[in-house]
Amino acid sequence: MRAALAAVPRSGAPGVLVAVRDDRRDWRDAAGQAVLTTPRPMQPQMRHRIGSITKTFVATTVLQLVDEGRLGLDDPIGQWLPDTVPGELGAQVTVRMLLNHTSGIGNYTNAMIDSYAAINQMQVTTYAPADLVATGLAMPPTNAPGAGFNYSNTNYVLAGLLIETVTGNDAATEVQRRILRPLRLTGTSFAGTDPKIRGTHSGAYFAPFGVRDLSEFNMSWAWTAGEMIATTADLNTFFRALLGGDLLSPATLDEMLTGVPMRPELPEAGGYGLGIYSLPTPCGEFWGHDGAVIGHLTFSLHSRDGARQVSSGINISHYQAGLPDAHPIDIAWNTLLGTAICPASEVGSRSAETLPQLPRVTRMPGNDAAVAVP
């Protein structure tokens, strides 16, 4: 693990942090630089923007409301948000379709993030969730409601609004009350409109901008689709509690883990459940999510029984721009993740480098342009 960790900054990433659990053994470490302009080493306890891993926290909160009988997975969203999603679409799209990305509603970030200038604007702008939804709804639908998987951040902004409508509280307040406080996830928070990462953290580097640090960023553009901050240790604690049945009833957890193919032409490549996805690996099926924001990338993957876990982040994004093949950072980082998932004793004679590259569900479309999603 130490050798695989050290290879990530050698491949071009400024820094990397990781937390690995194997049954009761817990290993955390970091390598490389937290800041590019001054000598400051990466530290394993640093807080990190986790992007779309926010969706797993939000989906869990929605599913707790289902467990409480306060809404149904197959309720049409127009029943709860009639002014936001009116008419036929509101009657056809269900809560389940939001959570498993089969609603067909357009992804607002594809329209929002279309240039370098857009990133500069986003950094200092406060967006209202209703405006984010309006952008997504104005886009052409990707499919008929329920017909197939198409990843859309608009789904999870709607999920946040759903939480607020049902509970009468801010979505962040509900996640904190139901998940963060009971699990004592003291390094995890919603950023809100505060651009700073409170606590020890690294810089955040958008590769085309060079050494400019983008760690101060108004994350209202991502809201309940991707604005959260966490430590890698907190992520492991959360997913172990979730998969262990501490947060949802057995029946609702089964619903959460029932996935739709992320690639219909290759269903064995993995399925997206309700805010969580499964991936096949040489050492069995793993569950989790990935996240990407401007300057921070994160992966969090876990065996179904929660006995083996890995959460890792790097402090650079969009280094793949214009490259047709895998970047050395991706190769090194995937080797680190693969080594955690499949220790040498289980891989056998194969080296960790032979493990297949782990796909990202969080899309960062347009490798030749300044485009990203949380």
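The paragraphs below walk through a predicted model, beginning with its sheet and ending with a few single residues.

A good place to start is the open sheet, which is built from eight strands in the order β2-β1-β12-β11-β10-β9-β8-β7, with antiparallel pairing. At the edges stand β2, residues 25–32, and β7, residues 260–261, and because each has a single partner strand, one side of each is left without a neighbour in the sheet. Helix α1, residues 2–10, packs on this sheet, where it touches β1 (15–22), β2 and β12 (308–314), and the direction of the helix makes about 30 degrees with that of β2. At the edge formed by β7, two bridges join this strand to β8, residues 271–272, and the two run antiparallel; within this pairing, the bridge partner of Pro261 is Gly271 in β8.

Moving inward from the edges, we come to β12, which is mostly covered, since seven of its seven residues are buried. In a regular strand the side chains alternate between the two faces of the sheet. This strand can be read in that way: Arg308, Val310, Ser312 and Ile314 point to one side, while Gln309, Ser311 and Gly313 point to the other, and all of them are buried. As for its partners, β12 is joined to β1 by seven antiparallel bridges, and here Arg21 stands opposite Gln309. The pairing of β12 with β11, residues 296–303, is also antiparallel and runs over six bridges, with Leu297 as the bridge partner of Ile314. The hairpin made by β11 and β12 has four residues between the strands, and in it Gly306 takes a positive phi near 75 degrees.

From Ile314 in β12 we can pass to His48, whose side chain reaches the backbone oxygen of Ile314 at 3.3 Å. His48 lies in strand β3. Is His48 buried or exposed? With a relative accessibility of 2%, His48 counts as buried, because the cut-off for that word is under 20% relative accessible area. If residues up to four places away in sequence are not counted, the residues that His48 touches include Gly313, Ile314 and Asn315, as well as His296, Leu297 and Thr298, and also Met228, Ile229 and Ala230.

Met228 leads on to another residue, Thr54, which lies in helix α2, residues 54–67. The side chain of Thr54 reaches the backbone nitrogen of Met228 at 3.1 Å. Thr54 has a relative accessible area of 0% and is therefore buried. Apart from neighbours within four places in sequence, Thr54 is in contact with Phe190 and with Trp223, Thr224, Ala225, Gly226, Glu227 and Met228.

Gln43, in the loop between β2 and β3, has a relative accessibility of 27% and so counts as partly exposed. Which residues does Gln43 touch, not counting those up to four places away in sequence? They are Leu17, Ala30 and Thr200. Gln43 is also 25 residues from Val18 in sequence, while the two are 9.4 Å apart in space, C-alpha to C-alpha. Within its own stretch of chain, the side chain of Gln43 is joined to that of Gln45 by a polar contact of 2.7 Å.

Turning from the sheet to a helix, we find that the buried residues of α7, residues 116–123, are Ala118, Ile119, Met122 and Gln123. Why do these residues line one face of the helix? Seen down the axis of α7, they fall within an arc of 140 degrees, so they share one face. An α-helix has 3.6 residues a turn, so residues three or four places apart point the same way. Among the elements that cover the buried residues of α7 are α6 (108–112) and β5 (205–206).

Finally, the structure holds one disulfide, which joins Cys283 to Cys342 with an S to S distance of 2.3 Å. This pair links distant parts of the chain, 59 residues apart: Cys283 is in the loop between β9 (277–281) and β10 (284–293), whereas Cys342 is in the loop between α14 (328–341) and α15 (344–347). Both Cys283 and Cys342 are buried.

Definitions and conventions
Residues numbered from 1 in each chain as written. Predicted model: local features only at pLDDT ≥ 70, side-chain atom pairs only at ≥ 80, totals over all residues. Heavy atoms only, no water. Pairing = 2+ DSSP bridges. Contact = heavy atoms within 4.5 Å. Axes fitted to C-alpha atoms, helices over the stretch in contact; angles between N-to-C directions. Buried < 20%, exposed > 50% of the residue type's maximum accessible area, 1.4 Å probe, protein only. Polar contact = N/O pair within 3.5 Å; in protein donor to acceptor, adjacent residues only side chain to side chain. Disulfide = S-S within 2.5 Å. Arc of directions from axis to C-beta.
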